[in-house]
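Me: Could you take a close look at one part of this structure for me, the place where the metal ions and the bound molecule sit? I would enjoy a connected walk through it.

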Amino acid sequence: AAKRHGKGRVHRFTPDLLAADDDATLAAELRVALAEGQLEVLYQPIVATADGRCTAVEALVRWRHPERGLLSPATFLGVAEARGLIVPVGAHVLARACTDVASWYDAGHPVAVHVNASAAQLSAPGAVADVIRNLVEHGLAADRLVIEVTESSALDTPAVRAALQELDALGVRIAIDDFGTGYAALTALRELPVDVVKIDKSFVTGAATSVADEAVVYAIVEMAHRLGLETVAEGVETPEQEHFAGAVGATSVQGYLHGRPMTAADLTAWLAARSPV
Ligand code: C2E
Ligand code: CA
Ligand code: CA
Ligand code: CA
C-alpha cells in the first residue's frame, strides 16, 4: 500500500493508507463471512442475585475467520458500521439468538436473550419488522427478547427513539448498556422506554476500592428501583463483587465469575448442569 511519495511524506501518509486498505479488505472478507456463515454467536449467562438462577443470556458476536482465528467484535464491528454491514451482521445475530433461545425454552430453560443493537441497526428501515418476524417465526413471547442499547446511541436520532418505542409497545424489553459511562444516562432514563439498566463494569470493578464507584453503584440501583427497573451488574469476576451487587440490591449479575461467553452448545450443557430438568 506504500505509495512512492517523496521521502518523509511516506512516513506521514503510509499509516492512513494502510489502515484504509485494511478496512476495505476486512469489509470484503466480512461480506464473505456473512455469506458463508463464519459469524458465530456466543452467549454469556445473566444470573439473578436472589436465587442464583440464570434468567437471561447476552448474545455476543464472534467471527471465526478462516486465517485469523476467532475475532472479537472490537476487531470488526467498527468496520461493519463504517461500511454499511452492521445491519446484516445484526440481522444474523438476532436470527441466531431467537433460534437458540427458542430451543432453550423447548428444553425447559425459559431464559430471555439480550441482543446488542447500534443506532444504525435500529434506525434501518425494517428493523422493527425484522424483530417481529423473528419472534413470530420462533413462537417467542416479546418479553423473551431484550434489546441492549447504549445511552448515546439510543438518543442519537428520532428514528432510533421511534424504533425503541415501537419495540417497547410490542413488549420487547429495552436495556441501557454500559450505564453511567456516557453523558446522557439520566436523559436516557427520562426519554426512553427503559426496562433494564446494565451497570458498567468499570463501576462494578471499582466499587471494591473506590468510595466514589461504590456510591455510583448504590445510586444507580436505588434510582432504578424507584423507577421499577431491573439492574444488571456487568463484569462481575469475583465472589466479593457478586456479594456487593447482591447487597446493594442489583437484580442480576453478569461476568466471568458465572461464565464466559460460550457457544450455544456449551450454554445448553451449562444450563442443564445448573438446573436439571
Ligand atoms: P458489551 O455489550 O458491554 O458486552 C460485554 C463485554 O464484556 C463482552 O465483550 C464480554 O465478553 C465482556 N465481559 C463479560 N464479562 C466480563 C468480565 O467479567 N470481565 C471482563 N473483563 N469482560 C467481561 P465482547 O464479547 O468482546 O463484546 C464487546 C462489545 O462488542 C460488546 O460490549 C458490545 O458493545 C459489542 N457487541 C458484541 N456483540 C454485538 C452484536 O451482536 N451487535 C452489536 N451491535 N454489538 C455487539
Ligand atoms: Ca451489551
Ligand atoms: Ca418496556
Ligand atoms: Ca456492557
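Reply: Happy to. In this predicted model, the calcium ion (ligand 4) and the calcium ion (ligand 2) are 4.1 Å apart, with D177 coordinating both. D177 in strand β6 and E234 in the loop between β8 (230-233) and α11 (239-248) are 57 residues apart, and the pair links distant parts of the chain. Around the calcium ion (ligand 4), the donors are D177 (OD), D178 (OD), E234 (OE) and E234 (OE), at 2.2 to 2.6 Å; donors are N, O and S atoms within 2.8 Å of the metal (3.2 Å for Na, K and Ca), and water is not among the atoms, so sites may look incomplete.

D177 also brings us to ligand 1, as one of the closest of the 21 residues that surround ligand 1 (a residue is near if one of its heavy atoms lies within 4 Å). By class, this shell holds eight nonpolar, six polar and seven charged residues. β2 (54-65), α2 (73-82) and β6 (173-179) each supply at least two of its residues, and β2 gives the most, with four.

For polar contacts (pairs of N or O atoms within 3.5 Å), a polar side-chain atom of R62 lies 2.9 Å from an oxygen atom of ligand 1. The side chains of E58 and N116 each place an N or O atom 3.1 Å from an oxygen atom of ligand 1. Taken alone, ligand 1 exposes 800 Å², and the protein buries 78% of that (Shrake-Rupley method, 1.4 Å probe).

Residues are numbered from 1 along each chain as its sequence is written, while chains are lettered from A and ligands numbered from 1 in the order in which they are written. Local features need pLDDT of at least 70, side-chain atom pairs count only at pLDDT 80 or more, totals for chains, interfaces and linings use all residues, and side-chain values use heavy atoms, leaving out hydrogens and water.

Note on methods: Polar contact = N/O pair within 3.5 Å; in protein donor to acceptor, adjacent residues only side chain to side chain. Nonpolar A, V, L, I, M, F, W, Y, C, P; charged D, E, K, R; others polar.
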